[in-house]
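User: I am new to this structure and should be grateful for a close look at a single part of it, the metal site. Please then set that part in the context of the whole chain.

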Amino acid sequence: MIKLNNITCLNSYNHVIFKNLNINFRLGKKYLIIGDNGCGKTTLLNIIYGLYRNYKGNILYSDSITKLVAYVPQCNYLFNETIKNNLIKSLDYYDSDYLHELLKIMKLYHYMKKLPDGLNTKVNNSTKSLSSGQIQKIKLIRGFLSNKRILMIDEALSNLNNDSLISILNFLRDNYDKTLIIVSHQTNLIINHLDPEIIDIKDIANS
Ligand SMILES: Nc1ncnc2c1ncn2[C@@H]1O[C@H](COP(=O)(O)OP(=O)(O)OP(=O)(O)O)[C@@H](O)[C@H]1O
Ligand SMILES: [Mg+2]
């Protein structure tokens, strides 16, 4: 799967952010990455995905990264296209029944149904036509639809109301067999539902 060997991460001033991290991400397991703001959680996901290269150590992948991993990043950005296009962006294939099921699990279905153009409504980033929680749900659905063996989710649960969060966590517990790597500060609910392996990144730069 993905094996991190002795990863020491440096910031742009070459100060150590975290050091000597060894993690073996295994098939079907669930991982929760925790740690203070600025300790390097997002940077770690970027390293795994090949977006950040200022580190020492090495990483072994069982397949090419784009085949293996889907990444739901921390930033709340959607494309200025229809909601539907945002939901299925860059997917080769998707199952429309599964998409509708996910909209229901995410508690977005009824909201979308009431829009005059439904899923064909255009997203407008500048007028903020969707709430932060709704944007997170759309990004999460895209991640679930992508059907990669590993899904990395960076703080994309932070704006969800309790009902929606519990609905998603129940889905992940009962019906999702992919490897999950979640960065979140909502540790209690996630630990209770998913019983993940916990990876605590120690904040070296700020300690
Ligand atoms: N583009 C960048 N250029 C320079 N330094 C950066 C950049 N992005 C992050 N850093 C630094 O790297 C460190 C780790 O940041 P990172 O975003 O990985 O933290 P985090 O654990 O994800 O925090 P949060 O909980 O706030 O999301 C911080 O000290 C930050 O200042
Ligand atoms: Mg972060």
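Analyst: Thr42 is partly exposed, its relative accessible area being 26%. In this predicted model, Thr42 is one of two residues that coordinate the magnesium ion (ligand 2), and it does so through OG1. The other is Gln74, which coordinates through OE1, and the distances run from 2.0 to 2.3 Å. The two residues belong to separate elements: Thr42 lies in helix α1 (residues 41-48), whereas Gln74 lies in the loop between β5 (69-72) and α3 (83-88), so the pair ties together parts that are 32 residues apart in sequence. Gln74 is also partly exposed, with a relative accessible area of 43%. Both values fall between the 20% under which a residue counts as buried and the 50% over which it counts as exposed. Water is not among the atoms, so the site may look incomplete.

The elements named above belong to a chain with eight helices and eight strands. Within this chain, contacts between residues at least 6 apart in sequence are for 72% contacts that join residues at least 24 apart. The overall dimensions can be stated as well. For 207 residues, a compact globule would have a radius of gyration near 17 Å, and the chain agrees with this because its own value is 17 Å. The C-alpha trace spans about 50 × 35 × 35 Å along its principal axes. Of the 207 residues, 48% count as buried. The chain exposes about 10600 Å², of which carbon and sulfur atoms supply 46%. As for charge, there are 25 positive and 17 negative side chains, and the centres of these two sets lie 3 Å apart.

Two loop residues deserve a remark on their backbone. Most residues other than glycine have a negative phi. Asn14, although not a glycine, has a positive phi of about 60°; its place is in the loop between β1 (2-10) and β2 (16-25). Asp195 likewise has a positive phi, near 45°, and is a residue other than glycine. Asp195 is found in the loop between α8 (187-194) and β8 (197-200). With a relative accessible area of 64%, Asp195 is exposed, whereas Thr42 at the magnesium ion is partly exposed.

Notes:
Residues are numbered from 1 along each chain as its sequence is written. Chains are lettered from A and ligands numbered from 1 in the order in which they are written. This is a predicted model: local features need pLDDT of at least 70, side-chain atom pairs count only at pLDDT 80 or more; totals for chains, interfaces and linings use all residues. Side-chain values use heavy atoms; hydrogens and water are left out. Donors are N, O and S atoms within 2.8 Å of the metal (3.2 Å for Na, K and Ca); water is not among the atoms, so sites may look incomplete. Helices (H or I, at least four residues) and strands (E, at least two) are DSSP runs, numbered from the N terminus. Buried means under 20% relative accessible area, exposed over 50%, partly exposed in between (1.4 Å probe, protein chains only). The radius of gyration is taken over C-alpha atoms; the globule rule is 2.2 Å times the number of residues to the power 0.38. Contact means heavy atoms within 4.5 Å. Accessible areas come from the Shrake-Rupley method with a 1.4 Å probe; for residues, only the protein chains shown count as cover. Lys and Arg count as positive and Asp and Glu as negative; His and the chain ends are not counted. The place of a charge is taken as NZ of Lys, CZ of Arg, CG of Asp or CD of Glu.
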